[in-house]
Amino acid sequence: MQKILAVVVCLFAASFVAFGQAGTGTITGTVLDSTGAVVSGAAVEAKNTQTGVVYSAASTSTGNYTITQLPPGVYDVSVKLTGFKTYLHTNLQVPAATTIREDAKLDVGATSESVTVSAESSLLKTESGELSHNVTVENLDNLPILGIGGSNAGTYGIRTVYN
């Protein structure tokens, strides 16, 4: 009975570690008008260009918005509000476990008009102090091959993560 209880406690503790790892990204920013004043109540949408899934948010009374739980990928971000031109940023890359800042500046005009931004986002991340790095399959393929044996210098060249 004690062994079963110990196993259940260990599995329960391990589940917290598994849930603590996030592979999703976040887009956050501020919606401003052409004079630099904040705009509240603007509809913000991030559309994944590969899957077509749309994630929505709205700007708060301070003009800020946050869209969380975004799977890594390329997104089109649009900001719409009556009386302003639609803001659109295409091909915004959202890496895993990263917060991207995308401030939107709305110009006065009809909603049928739009302003399209095609510039890349800044590499400087001011939202948090954390560091991260995405590892691609190509990076893994280019790892050196370590041999097996007593000195780990054999010529057999079996690649293993433990070496």
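Contact here means that heavy atoms lie within 4.5 Å. In this predicted model, that definition helps to describe the surroundings of N48, which touches V53, V74 and Y75 when residues up to four places away in sequence are not counted. One of these residues, Y75, also belongs to an aromatic pair with Y55, and the points below take up N48 and then the two rings.

**N48 and its surroundings**

- N48 has its place in strand β2, which covers residues 43-48.
- With a relative accessible area of 4%, N48 counts as buried, because buried means a value under 20%.
- A polar atom of the N48 side chain lies 2.9 Å from the backbone nitrogen of Q50, and the backbone nitrogen of T51 lies 3.3 Å from a polar atom of that side chain.

**The aromatic pair**

- The structure holds 1 aromatic pair, and in this pair the ring centres of Y55 and Y75 are 6.3 Å apart while the ring planes stand at 65 degrees, so the arrangement is edge-to-face.
- The pair links distant parts of the chain, since Y55 sits in strand β3 (residues 54-58) and Y75 in strand β5 (residues 73-80), 20 residues apart.

**Exposure of the two rings' residues**

- Y55 has a relative accessible area of 22% and is therefore partly exposed, a class that lies between the limits of 20% and 50%.
- Y75, which is also touched by N48, has a relative accessibility of 0% and so counts as buried.

Note on methods:
Residues numbered from 1 in each chain as written. Predicted model: local features only at pLDDT ≥ 70, side-chain atom pairs only at ≥ 80, totals over all residues. Heavy atoms only, no water. Helix = DSSP H or I, 4+ residues; strand = E, 2+ residues; numbered from the N terminus. Buried < 20%, exposed > 50% of the residue type's maximum accessible area, 1.4 Å probe, protein only. Polar contact = N/O pair within 3.5 Å; in protein donor to acceptor, adjacent residues only side chain to side chain. Phe/Tyr/Trp six-rings, centres within 6.5 Å; stacked < 30°, edge-to-face > 60°.
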